[in-house]
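Hi everyone, thanks for making time for this. I'd like to walk you through one model today, so please have a look at the screen.

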Amino acid sequence: MRETRSTCPYCGVGCGVIIESSGDEITGVRGDPDHPANFGRLCTKGSTLHLTASATVTRQTRLLQPMQRLVRAEAPMAVAWDTALDNAAGKFAQVIRDHGPDAVGFYVSGQLLTEDYYVFNKLAKGLVGTNNVDTNSRLCMSSAVAGYKQTLGADAPPACYDDLKHADCLFIVGSNTAWAHPILFRRIEDAKAANPALKIIVADPRRTDTVEIADLFLPIQPGTDVMLFNGMLHLMLWEGWIDAKYIAAHTSGFDALKAIVRECTPDKVAQVCGISKDDLLAAARLFATSPATLSLYCQGLNQSSSGTAKNAALINLHLATAQIGRPGAGPFSLTGQPNAMGGREVGGLANLLSAHRDLANPDHRAEVAALWGVPSVPEKPGKTAVEMFQAAADGEIRALWIACTNPAQSMPDQATVRRALERAEFVVVQEAFATTATCAFADLLLPATTWGEKEGTVTNSERRISRVRPAVAAPGEARNDWSIAVAFAHRLERQLGRASTLFPYETAESVWNEHRESTRGRDLDITGLSYAMLETAGPQQWPLKEGESTGRVRLYEDGVFPTPDGRARFVDTVYKPVAEAREARYPFSLNTGRLRDQWHGMSRTGTAGRLFGHVPEPVVQMNAQDMARRQIGEGDLVHLTSKRGSIMLPARASAEIGLSQAFVAMHWGEEYLSGCSSTGVRLAGINALTTPAYCPTSKQPELKHTPVKILKAELPWSLLAMAWLPADAALAAHRALQPLMALFPFATCVPFAGNTQGQERSGILFRAAAHDAPDEALVEKIEALLGLQTADTLRYADRRRGQRRSARLVRRADGSAGLEAFLLGGDTSAEAWIATLLREELPAQSYGRLLLSPGSKAPVAVQSRGKTVCTCFNVADVAIQTELGRCSGTADERLAKLQGALKCGTNCGSCIPELKRMVRATPAEAEAVTP
Ligand code: SF4
């Protein structure tokens, strides 16, 4: 047994982990008690990392050798590394020679390590001579980058996690911190417990779990943040709450901004944002007059056609009230991905250069060219994410290199993205997982290492650099991302006739040392840092200059900013509505965002059935009144249609969602949610709908708002099949079932897990709907993949009525017969009780005939345990509600009693906001009785 310190590969909190391994197998994970981001805590995602890295998962999901497709429609064939890289270099060199360097593009990822990012950036800008290198961080943080640079002069979050405990007011806006940054939310809960006077304001169109902790909730209309911030500044000016001395001494541009916010009267703000004037005043007062106000914000501000303005308008508030540069005060952008910061540091975006330099600045270009030893760095701005795929769709970019990201799931406007991937002459996908939608478009697949195998560094939201260390050897022929890029670069150099190499790296550390040198004299100067120091002194914040022993905790404490005159700049932020407004044909605002227990396209979290306990299947959440008005019942299938596409989903009423709004989790790509249109076109998950409209400054697309119409779908024939499968076959079955989804108008296929018999089990659920019963051969295929084509399978079929049932019972160790797999075709109204029999592994021998009878009613004995709330201890909502009925006292006392009885929320704590909501909603039985 070995222990290796590393970091969690999911969100930007950047928690430290200790990986337990034995030989080449990762066997466990726990929080690193010495890591300053989390002090030993992990959320549901982090604490289940080992489940996603087992040898069983690796065998079924990982790309383990280079694969090449000579014909696009055919399955890829294994190829040697040398052949693969030679072919790639030959093809890229040919495109560069024939069409120029801007005919190639590199699309990389905020999940790459800093070293990986550095090499890709140098490869594109230094060797190929194009700035066409962009990243999925464009979809995540580019508005935060632009907002910081416009106002404070550098892309540097000035605050730190410790500021939470010094703050008197927290302004959380556009961030469901409870789900997206759970360990940070634990620290917010700690801060509130330690200082009950701490005031928390949450502004969000959705009433998320984060709102549970709020003293003031502002349910603003989608996209109206700039109006809210300008309205708050209007009131601050009116009430005399600004800090005129700070403004005069440390800023510029305030007078021009004053003229703009003058128009943002409380009446106007209340009307545009949909909040009360009293709440607006309360928010402005708390923000401005609290001794220290810290803002926390994320995609709600960034993923917007006004993303930069939203960021800048919020920072305007901090500058106007001097809520910056002090403990507990400052605008703190939370990074979505684990190393979005590292990517920004090396300039791995189409408009940036190494060490926060600007491509548009000739001096910066000359500095980078000198550092790299190349004559020049190209001047022409590169294509950003949306532009890059549009250019490929238009035939302008002919060769694409995609690393560690899944644009066929995550990019908006999937029709264009898929056209781009089909039209490009040569697509390289460098990936750890063979299961992503993008892999299907690759001419060449290169196997990369991933969490637990990689070596390098990452930077989290508070500018803290941590080491990422390998616990096990790379599986199969997988290689580290940086070394793949270097091996390709060496071959490309030969093809392009370069005499000496720009990539002399033998180790990740040698790459990092060059990056470190590039930061000398810059705002993020880390010339005092080394791998050795990270080894001995642990994670460090930047800047950390040569001769210094620790990094800077917070920035701008002296009121001097990295601008030419040392002053921060107010930005004239004029409110602009969302890019595509709701209209009569598309009357709903569709919002997308994260689930608590899933990460991005689910290539990793989707391998752990346990993580589907909290939200088992894709749904669209709607306001109950909207559903009633359209006669949409709970669970009814609806068409969601935007100007770009249409998908189908079951509808769920949610108290989180405002009128005329809808929410679908961002994770559901065609790997889990599919179907085909009436013309046979395969549907491409949630981003078939989203808009490519982007912020003109940051070029970040507006993933947070798409107008849609929602109409009830009429698909009378439905199918539900579920099966327990051996752990080493379940994920392979999921992959085999995926292409079948596209043969139904609506289909979803997801893993699930159970452990009611004391042993963790893996299962797969397949759900579909159609106008008529499909070919029997198709249903038989589904049955075969779910173990329902065996001699002991019980069957019923009525072809004329389109009804079909199959069920397989097995004898368990305790002698009872359990339901191992079933399929209901035609009438699925018995789903609730039959699925419960299977999921909860209840004795099923007495239900034999009922299992095969269409429309059979639920026997009283079969009661579902409900939805999983606490993933760590597998506690579901029915048990929680029952226990809460017995618990009396204050809300805190009842929560403590509940936790004492069921242990829910006592490990990672990710479910605590939901438990608090349930405490509020479920009275104790004694209290519920009316006299
Ligand atoms: Fe990972 Fe959760 Fe920590 Fe984010 S909060 S880094 S997902 S453990």
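The lining of the largest cavity divides into 20 nonpolar, 21 polar and five charged residues. Keep in mind, please, that this is a predicted model. The largest cavity holds about 750 Å³ of space, and 46 residues line it. Which of them are closest to its centre? Those are Q111, Q337, C404, W599 and H600. If you think in terms of secondary structure, α19 (407-410) and β17 (426-431) each supply at least two residues of that lining.

Let me stay with C404 for a moment, since you have just met C404 as one of the residues closest to the centre of the largest cavity. Its phi is near 65°, which is a positive value in a residue other than glycine. Where does C404 sit along the chain? You'll find C404 in the loop between β16 (399-403) and α19. Is C404 buried or partly exposed? C404 counts as partly exposed, because its relative accessibility is 23% and the buried class stops under 20%.

There is another backbone of this kind to look at, in K903. Phi of K903 is near 70°, again positive in a residue other than glycine. K903 belongs to the loop between α30 (891-902) and α31 (912-921). With a relative accessible area of 45%, K903 is partly exposed. And while we are on backbone geometry, the peptide bond from W542 to P543 is cis, with omega near 0°. P543 is placed in the loop between β21 (540-541) and β22 (568-569).

Back to the empty space. How many cavities of 30 Å³ or more does the structure hold? There are five. The second largest cavity has a volume of about 360 Å³. Its lining has 29 residues, and G174, Q299, G300, N591 and K704 lie nearest the centre. The elements giving two or more residues to this lining are α7 (177-180), α14 (299-302) and β23 (588-593). Of these, β23 gives the most, with three residues. By class, the lining of the second largest cavity has eight nonpolar, 14 polar and seven charged residues.

Now for a space that is open, the second largest pocket. Its volume is about 790 Å³. We count 32 lining residues there, with T436, A437, A440, E670 and R682 nearest the centre. Both α20 (414-423) and α25 (727-741) supply at least two residues of this lining. The classes come out as 16 nonpolar, eight polar and eight charged.

Next, the ligand. Which residues surround the ligand? The shell consists of C8, Y10, C11, G14, C15, L42, C43, K45, G46, P182 and I183. Two elements, α1 (44-47) and α8 (182-194), give two or more residues to that shell. Sorted by class, the shell has eight nonpolar, two polar and one charged residues.

Finally, the aromatics, and I know some of you were waiting for these. A pair of aromatic rings is described by the distance of the centres and the angle of the planes. The structure has 21 aromatic pairs. One of them joins F503 and Y505, with 6.3 Å centre to centre and 80° between the planes, so this pair is edge-to-face, the class for angles over 60 degrees. Both F503 and Y505 are buried. Then we have Y556 and F561, a tilted pair at 4.7 Å centre to centre with 35° between the planes. Why do both of these count as buried? The cut-off is under 20% relative accessible area, and Y556 comes in at 9%, while F561 comes in at 3%, so both qualify.

Some rings go beyond a single pair: F92, F106, F120, W401, F426 and F488 are linked by ring pairs into a cluster.

Charges come into this picture too. F503, which we met in its pair with Y505, has the charged end of K122 over its ring, 5.5 Å from the centre. In the other example, R467 lies over the face of Y531, at 4.2 Å from the ring centre.

That's my tour, so thank you for listening, and I'm happy to go back to any part of it.

Note on methods. Residues numbered from 1 in each chain as written. Predicted model: local features only at pLDDT ≥ 70, side-chain atom pairs only at ≥ 80, totals over all residues. Heavy atoms only, no water. Phe/Tyr/Trp six-rings, centres within 6.5 Å; stacked < 30°, edge-to-face > 60°. Buried < 20%, exposed > 50% of the residue type's maximum accessible area, 1.4 Å probe, protein only. Lys NZ or Arg CZ within 6 Å of the ring centre and 35° of its normal. Near = heavy atom within 4 Å. Helix = DSSP H or I, 4+ residues; strand = E, 2+ residues; numbered from the N terminus. Nonpolar A, V, L, I, M, F, W, Y, C, P; charged D, E, K, R; others polar. 1 Å grid on protein atoms, 1.4 Å probe; cavity = no way out; pocket = protein on both sides within 12 Å on 5 of 7 lines; lining within 4 Å. Points joined across faces, edges and corners; volume = space filled by probe spheres on them.
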